[in-house]
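Work through the exercises below with the sequence and the 3D view open. Try each task before you read its solution.

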Amino acid sequence: MTEVRPGPAASDSLWERDEEVTAILRAVEALCSDRASHGELLVLQGEAGLGKTTLLARTRRIAEARGCTVWSARGGEVLRSVPFNVVRQLLQPALLSLMPEEAREYLGEWYGIAGPALGIAEPGGGQADPRSVCEGLVAAVSRLAGRDWPLVLMIDDVHWADEESLRWLAAFAGRLTELSVLLVVTRRPGEVSGDSAQLLEAVAAAAGVRTLSCLSPEATAALTRSTLGAHADGPFCREVWAVTDGNPYDTVELLAKVRDSELDPVEAHAGELRDLNRSARGGGLVARLEELGIDATRFAWAAAILGTDISVQLVARLATMNRDDAARCAELLREARILTEPDPATAGAGEGDLEFVHPLIATAVYSSIPDALRTAMHGIAAQVVTDSGLGAAAASRHLLQVHPDDDEELVDQLRQAAREHLAVGAPEAARRCLERALLEPPTPEVHARVLYELGCATLLTAPATTIDHLQLALSMPGLDGTTRVDAVWRLSQALLHNNQLEDAVRTVEAEAARHPPGPVRLRLQAVQFMWEGLHTGETITPDRSERLAELAAGCTGRDNSERALLILRGFDAMARGENAEEVAELCDRALVNGRLAPGLGWTDTEWGIELLLMLASAYAYSDRLDRAEALYNEALRAYENAHWSGGHLALAYAYVGLGHRRRGRLREAEQALRESLAIAERVGRGLPLYWTATCNLVDTLLARGHVEEAWEIAERYGFAPPYPATIVIPDPRSVRGRLLLAAGRTKEGVAELEAAEQAAAVRGHHNPVMVPWAADLARALAVEDPARAARLASDVRRQAERFGTDTAIGEALRCAAALETGPRAVALAAQAVTFLEASPCQYEHAAARVEHGIAAGSAAELRRGLALARSCGADGLADRARAALESNGFPLEDTD
């Protein structure tokens, strides 16, 4: 046993918790030993009543004795619908100590992102990105932790934390190695399911989980004698253990009842323990509460409804009693060990005067309220909160519990609450409010708008649900004008994310047909062409490219719909391998003075990121890399400045990496792509952005000559069939085929490149740089099937000359040279060097130099190629050049 203290104080003692206390002591000592020490997370797990909260109280005493700052919070069973409840509690001590200007200074660029979620700043307009808010909260805690080192954070009952706080906690736990913070949380196992359970498991995976056990018979006997006196005999003590199953909380409560009843703790009275135990919890607790009188019962019920920050004044308003009666009831409930003053070890810095002695008591009291009365009290509580000026979002947890009753005002309140939740980055809370509003139900003229708002709230988290809501909204009266068009746009996005691309196209096509010629119809047509352009399967409309070319021919770029069509036409022309000069001219017409038009920026939501990535990629593969890189870097800056930390940022890093790869800066490309992949991992596997990051990283590692590392990345991240339904740049089949060939799996590589050939033919994608299967396949078949290899090389050259870029023609000449020998190979390799020297793609230029040097036996050319390869970071190519120099007897001293 850890300690023995007689008398009433025994309830605060810890029994058989030596290991846990020792772990806490060690963690606190490690924290205090060095400001640069790594952070640590301890998870204390156990069923209700096993002493988790008492361990947190001990943690506070240990930490404060060592001079630590301690912040604490507690999850609440009835508060799980309140977004950011736990993280707000946790940060209250720090936030309350800061003036507004100090908070701005500490949070810096994250103030506008995390501030609204923490309740210290007004939200901006529109819907906040939940991932950015989560990152902002991580940054906020990290910065404040640096100010208040050594800092200990404690969260009790984390299984009852709101989902938004759990997301923050999972992200923060993953960053603890970068911080000098001790985080201690307690949880019950198996208490929640779904996303919350997954987040809790992610937290546990980053920690040393310690599972608490029940007390042994010996510890129970010691606790009994410490509380009741040494004369408590053995049979009595054993019965205490049998009745309570060794649960510390139940044991303490039972012993308090024994002491209050003045029962002599001897074997003769052991048979009375079971009745006493029943009166200490569950139905017995409710009976004990009723014995205190109706006023005390009403007070306890009102306290359970509030759940947190239980002030006598607020309870009095909710229970409809005067202040004196409320104070008297509070005292009665304190004496009955139902309510108590907040324990600083487990309560935040709220304004409450009271809290329940234990969550088990709070649950029992809340459950004891008759259903109809409980519902009515939540309705009154919502009014009390609203009258206090706390806003619709604060009242919404109570409104969610009110019975549906055709109340238009309640629908309006819930819609307003949803808007407030979305503005601070809590779409799940918004979803709950809008789903409840539908149950009221809304009036016919409002119903469609509620469905539309619900669809907007669930777009990023539940595409399938969004589809149902928006399809129903569009089938009802009430959505008109720009709202209806926006609903169609969002529905098509949800269908796309739900792998229903053909339905997405049909949806916008049908809506476009409802409108006369003009900007609205043009916008919908552009969306249709965009979704068709992203599809990897068979073209949904066989004459798509012809119709797109015809529609774009009349566009001057006078509005964003026309600009979108010009971008789509430019991308389609690039992918099909049409003349690159015309591609660039189309893309240039989509800009305004060389820049993106207002409303078409990277953070604008009307068109989405896909359109702008098509624009940048059309430039990138048309040898206009300066323009492409400017767009890629602009995207990265825009998302970083806006603190968009999810899929948009992952794609921005991926395309910045692609720009570096095309330019030949392979080291920089690898760095950006690894960052993209790390962000994509947090967003979720299987999404197109995940494929983009992985495909580009594999392609870059192959260019560097790091074949084993490329294979390991492909294996780890599932870079293999089946491929996504949306296009990925560069073509993943071509990249995987090249990977298989480099790994010596020639037969599989040839099969993969032939699959790439078939897929490209279906889509009409003949750009030999964006979809480079043919050149690699020709090289692979050079020995086994030279005739077919020659035909492929000839086709590549014809398509490259049609496209007309230096890169495409130079690469085609490299392929042709690889199939020849003697003077013919030398001449073709020399021509490849000429074209690629004028290309912005320095890796391909380096490869051409090395291959020309090998074919011609030229030391000078090999040295030039080696220097270029080294500057690009193409280690494999550099090794090949060195080997060629050595095999020809050329000295290396001028190269290394």
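Two strands pair if DSSP finds at least two bridges between them. Helices (H or I, at least four residues) and strands (E, at least two) are DSSP runs, numbered from the N terminus. The model is predicted, so local features need pLDDT of at least 70, side-chain atom pairs count only at pLDDT 80 or more, and totals for chains, interfaces and linings use all residues. Residues are numbered from 1 along each chain as its sequence is written, and side-chain values use heavy atoms, with hydrogens and water left out.

**Exercise 1. Find how strands S3 and S4 pair, then place them in their sheet.**

Step 1. Locate S3 at residues 151-156 and S4 at residues 181-187. They pair in the parallel sense, over 5 bridges.
Step 2. Pick one bridge: leucine 151 has valine 181 of S4 as its partner.
Step 3. Widen the view. The open sheet has 5 strands, ordered S2-S3-S4-S1-S5, with parallel pairing.
Step 4. Check the edges. S2 (69-74) and S5 (208-211) each have a single partner strand, so one side of each has no neighbour in the sheet.
Step 5. Add helix H1 (residues 18-33). H1 packs on the sheet and touches S1 (40-45), S3, S4 and S5; contact means heavy atoms within 4.5 Å.

**Exercise 2. Describe the packing of helices H34 and H35.**

Step 1. Two packed helices are described by the angle between their axes and the distance between the axes.
Step 2. Read both values. H34 (residues 688-704) and H35 (residues 707-716) pack at about 165°, with axes 8 Å apart. Axes are lines fitted to C-alpha atoms, for helices over the stretch in contact, and angles run from 0 to 180 degrees between N-to-C directions.
Step 3. Classify the angle. H34 and H35 are therefore roughly antiparallel (the label for angles over 145 degrees).
Step 4. List the contact. H34 gives Thr694, Leu697, Val698, Leu701 and Leu702, while H35 gives Val707, Glu709, Ala710, Ile713 and Ala714.

**Exercise 3. Find the unusual backbone geometry at proline 441, proline 722 and phenylalanine 84.**

Step 1. Recall the rule. Most residues other than glycine have a negative phi, and most peptide bonds are trans.
Step 2. Go to the loop between H21 (427-439) and H22 (444-458), where proline 441 lies. The bond from glutamate 440 to proline 441 is cis, with omega near -5°.
Step 3. Move to the loop between H35 and H36 (732-742), which holds proline 722. The bond from proline 721 to proline 722 is cis, with omega near 0°.
Step 4. Finish with phenylalanine 84, in the loop between S2 and H3 (85-96). Phenylalanine 84 is not a glycine, yet its phi is positive, about 65°.

Methods
Angles under 35 degrees count as roughly parallel, over 145 as roughly antiparallel, 65 to 115 as roughly perpendicular and the rest as oblique.
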